[in-house]
Amino acid sequence: MIRAPAEAAGRFLTTGNVFMYRYDAIDRQILKERVAQHRDQIERNLAGELSDDELRPMRLQNGLYIERHAPMLRVAIPYGQLSSAQLRKLAEISRRYDRRYGHFTTRHNLQFNWPKFEQTPDLLEELSTVDMHGIQSSGSCIRNITTDPFAGVAPDEREDPRPYCEIFRQWSTFHPEFTFLPRKFKIAISGSAEDRAIIRAHDLGLEIVKNPEDETGFRVFAGGGMGRAPMIGQIVRDFLPRRHALSYLEALLRVYNRYGRRDNLYKSRIKILVNSLGIREFTRRVEAEWAYLKDGPSTLTDADFDRFARCFTPPPYEILPEDTPSLTEEAEKNGAFAFWLKYNIFPHKIPGYAAVVLPLKAMGKPPGDITDIQMDGLADLAERFSFGELRVGHDQNLVLANVRRSDLFILWKALRPLGLSTPAAGLLPDMICCPGGDYCGLANARSLPLANAIQERFSNPARLRDIGKISLNVSGCVNSCGHHHVANIGILGVDKNAAEWYQVSLGGRQGNRATIGKIIGPAFTPKEIPDVIEALIDVYFENRTASECFIDTLERIGVEPFRARAYRGRDKSKLARIDNREPSNA
Amino acid sequence: MPEIIKNGQIVDDAWQVLRLKTDQPPESIELPPDAALFPVSVWKTRKPELLARLETTGVWLASHETPEDIAEDIAKFRIIGIDFPKFSDGRGYSSARLLRERFRFKGEIRAIGDVLRDQLFLMKRCGIDAYAIRPGKDVHAALAGLRGFSETYQGDVDQPRPLFLRRYA
Ligand code: SF4
């Protein structure tokens, strides 16, 4: 464990005073009852009173999967906020119930891959001591709500999304009407000018906006999603006054619950309903339903919003100068530090502070994996440098959101022994990658060895800097947990004639201009993939202008030159043509 | 006599559920003389006969049917069934809420079909007040399913005010 002397920049050594939503007695009581309920269900299952099929949706809604090797437990990290105390507990649990590590997913979850089925009630009870759980992290229900990891600190923020996230967390937890939806339902909220939560690729996306009268409300997107038949969400309502948020969501979910398809697993997401009805008819039904619910008891007042906002009071920032000359000096002396500073620091709305991105993308390790030592170390560092609180991003990276700029050099030095000072955020090795065939029972192909092969091929820092900002994501099957659809270069594992193949798509992007990438052609063998990436990068190098990053060049010159180069010298007839519309084993 | 859960207790209950076989025309089936819940199609095609025996007549909604399908008749019934063909088919929860909250139905709403202990608490919150537990399951043990949580976050049929309104009162 890294525990520096208190005088070394540690100005906030506390465990109690954390600036995030804090459970009260009622939240704790509900969670306690949930743990007891799960324990009872597991016992009844083991006693043969509750069949596996009957248990299934309930264990899933506590985050418990039965996976390829063992049960897998998915812990929810509501809207991505995590305290040092919670992270320490996760480390402890990983030692006691798992193999001393956890895996961060793309949806504000941490997964344990090796718990024992019979032990999960104890594990959940242990988690509940730090107000954590696996509630609705899986199953056909409203899932854990996700948002921007820079919530509350981003300079381009219109309003902090976290109070709204908490309102929706409470509303969606054990919702009596929406616990058995046609399929999973994912909500993401963004409160800033630039969307960093990919709200347009969610079943429901909420963008906090202001109307001309300066009232706060939401632009409501529905029907986005990845997976099979990826789609960008469409606007259901351009401005929903915030006081109506709950009745409107209730109406929208009710339309989905009643009319979403239940006869075919592959057609049961809301995007299929939105598409088959058309956005106008879908909207008409939602608004018609809403007419009955509007102004009902769940209408929120300004006083309610203020109360939720007070759960997220800003930490006691110091008044600091904007400039930190010592940083520039250190950066001049130390190239590795300068590199980190350039890519892993995100601007902050308070002068003298920065948010720090910590990619969990160590070479040779599954992206998103974190060891118990790293968890403990980070919990300490969060206390020393960031008010005892961390964020989890959808890109499988962690964020220390409130670091004094003058502490960045010490922080960087402390991150190095933990292996958390590399790679650079946003560069090629900072991939999103799902666990794939090594762990996941649904996989068509492994994704981790492929991601590692790419990281190995592209490991020279100078070259990476030259390539610049690029997103490359890998999924092991069409469920797309690796978000490959919205990556500049997306890689999807497919399985044909019992062999692993990889389909490449180009041109995806996240953010306000979220786009689904297009598949360039037949799939490749795993060995070919690093060469294919190399070929794509070459086309970018040959064509880029001075200011362009990969996606800009791709957009300007089109996919064709990239496609041509990727297949140059390859016999297309030997590659695998895959029809993604065919249901596979996903 | 079969036992069901009603208003939080186990009671004997004689209501039957009439289910049509796929090739059975609702126009011509023989109506059982005793108290029964009829499919919507039977209610619609045999209304005059059934109106004459309303005391022993109820309807049940299949999961693809909605209260709107029987809107003008809802107030006539003492009892409306909601079918759960599979416990994981959640459409019945919306139907129950609509019956209570939109159509102000005051009679009994009975869950029929794949009705299991672990869903009772949710059903209750949506306005279902009688539960014909699936045959083969212990109805007495299932009673425990009504005792779920001491508090709930969102408004429902029993308690329309969400927790955030009550918590700080
Ligand atoms: S994308 Fe497929 S293989 Fe990867 S984690 Fe999701 S379900 Fe598993």
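The largest cavity in this predicted model is lined by 22 residues, and those nearest its centre are A:Arg34, A:Gln37, A:Phe174, A:Thr179 and B:Leu122. If you look at the chain letters, you will see that both chain A and chain B appear in that list. The secondary structure tells a similar story: helix H1 (25–46) and helix H2 (52–60) of chain A, along with helix H4 (120–125) of chain B, each supply at least two residues of the lining. The space inside the largest cavity comes to about 260 Å³. By class, its lining has eight nonpolar, 10 polar and four charged residues. This cavity has company, for the structure holds seven cavities of 30 Å³ or more. Empty space of this kind is revealed by rolling a probe the size of a water molecule over the atoms.

Now turn to a pocket. The second largest pocket holds about 1100 Å³ of space, and 35 residues line it. To find its centre, look for A:Arg196, A:Asp395, A:Gly426, A:Lys469 and A:Gln510, the lining residues that lie nearest to that point. Four elements of chain A each supply at least two residues of the lining: helix H11 (335–344), strand S11 (345–347), strand S15 (397–404) and helix H17 (550–557). Of these, H11(A) gives the most, with three residues. The lining of the second largest pocket divides into 14 nonpolar, 11 polar and 10 charged residues.

Helix H11(A) is worth following a little further, as it also packs against another helix. Two packed helices are described by the angle between their axes and the distance between the axes. The axes of H11(A) and helix H13 (residues 408–415) of chain A come within 11 Å and cross at roughly 105°, so H11(A) and H13(A) are roughly perpendicular to each other. On the H11(A) side, the contact involves A:Ala336, A:Phe337, A:Trp340 and A:Leu341, which meet A:Leu408, A:Phe409, A:Leu411, A:Trp412 and A:Leu415 in H13(A). By class, this contact has nine nonpolar residues, with no polar and no charged ones.

Helix H17(A), which also helps to line the second largest pocket, has a packing partner as well. The axes of H17(A) and helix H16 (residues 529–543) of chain A come within 10 Å, crossing at roughly 75°. H16(A) and H17(A) are therefore roughly perpendicular to each other. Here A:Leu536, A:Val539, A:Tyr540 and A:Asn543 in H16(A) meet A:Phe550, A:Thr553, A:Arg556 and A:Ile557 in H17(A). The classes are mixed in this contact, with five nonpolar, two polar and one charged residues.

Another pair to look at is helix H7 (residues 270–277) and helix H8 (residues 279–293) of chain A, which pack at an angle of about 110° with their axes 5 Å apart. This pair, too, is therefore roughly perpendicular. From H7(A), the contact draws on A:Ile270, A:Leu273, A:Val274 and A:Leu277, while H8(A) brings A:Ile279, A:Glu281, A:Phe282 and A:Arg285. By class, the contact of H7(A) with H8(A) has six nonpolar, no polar and two charged residues.

Next, find the ligand. Around the ligand you will meet A:Cys434, A:Pro435, A:Gly436, A:Cys440, A:Leu442 and A:Ala443, and also A:Gly476, A:Cys477, A:Asn479, A:Ser480 and A:Cys481. By class, this shell has seven nonpolar and four polar residues, and no charged ones.

Two details of the backbone round off the tour. Most residues other than glycine have a negative phi, and most peptide bonds are trans. The peptide bond from A:Thr422 to A:Pro423, however, is cis, with omega near -10°. You will find A:Pro423 in the loop between H13 and strand S16 (432–433) of chain A. A:Tyr79 has a positive phi of about 40°, although it is not a glycine. A:Tyr79 sits in the loop between strand S2 (71–76) and strand S3 (81–83) of chain A.

Technical notes:
Residues are numbered from 1 along each chain as its sequence is written. Chains are lettered from A and ligands numbered from 1 in the order in which they are written. This is a predicted model: local features need pLDDT of at least 70, side-chain atom pairs count only at pLDDT 80 or more; totals for chains, interfaces and linings use all residues. Side-chain values use heavy atoms; hydrogens and water are left out. On a 1 Å grid over the protein atoms alone, a cavity is a set of points where a 1.4 Å probe fits but cannot get out, and a pocket is an open set with protein on both sides within 12 Å along at least five of seven lines; lining residues have an atom within 4 Å of a point. Grid points are joined across faces, edges and corners, and a volume is the space filled by probe spheres set on the points. Ala, Val, Leu, Ile, Met, Phe, Trp, Tyr, Cys and Pro count as nonpolar, Asp, Glu, Lys and Arg as charged, and the others, Gly among them, as polar. A residue is near a molecule or strand if one of its heavy atoms lies within 4 Å of it. Axes are lines fitted to C-alpha atoms, for helices over the stretch in contact, and angles run from 0 to 180 degrees between N-to-C directions. Angles under 35 degrees count as roughly parallel, over 145 as roughly antiparallel, 65 to 115 as roughly perpendicular and the rest as oblique. Contact means heavy atoms within 4.5 Å.
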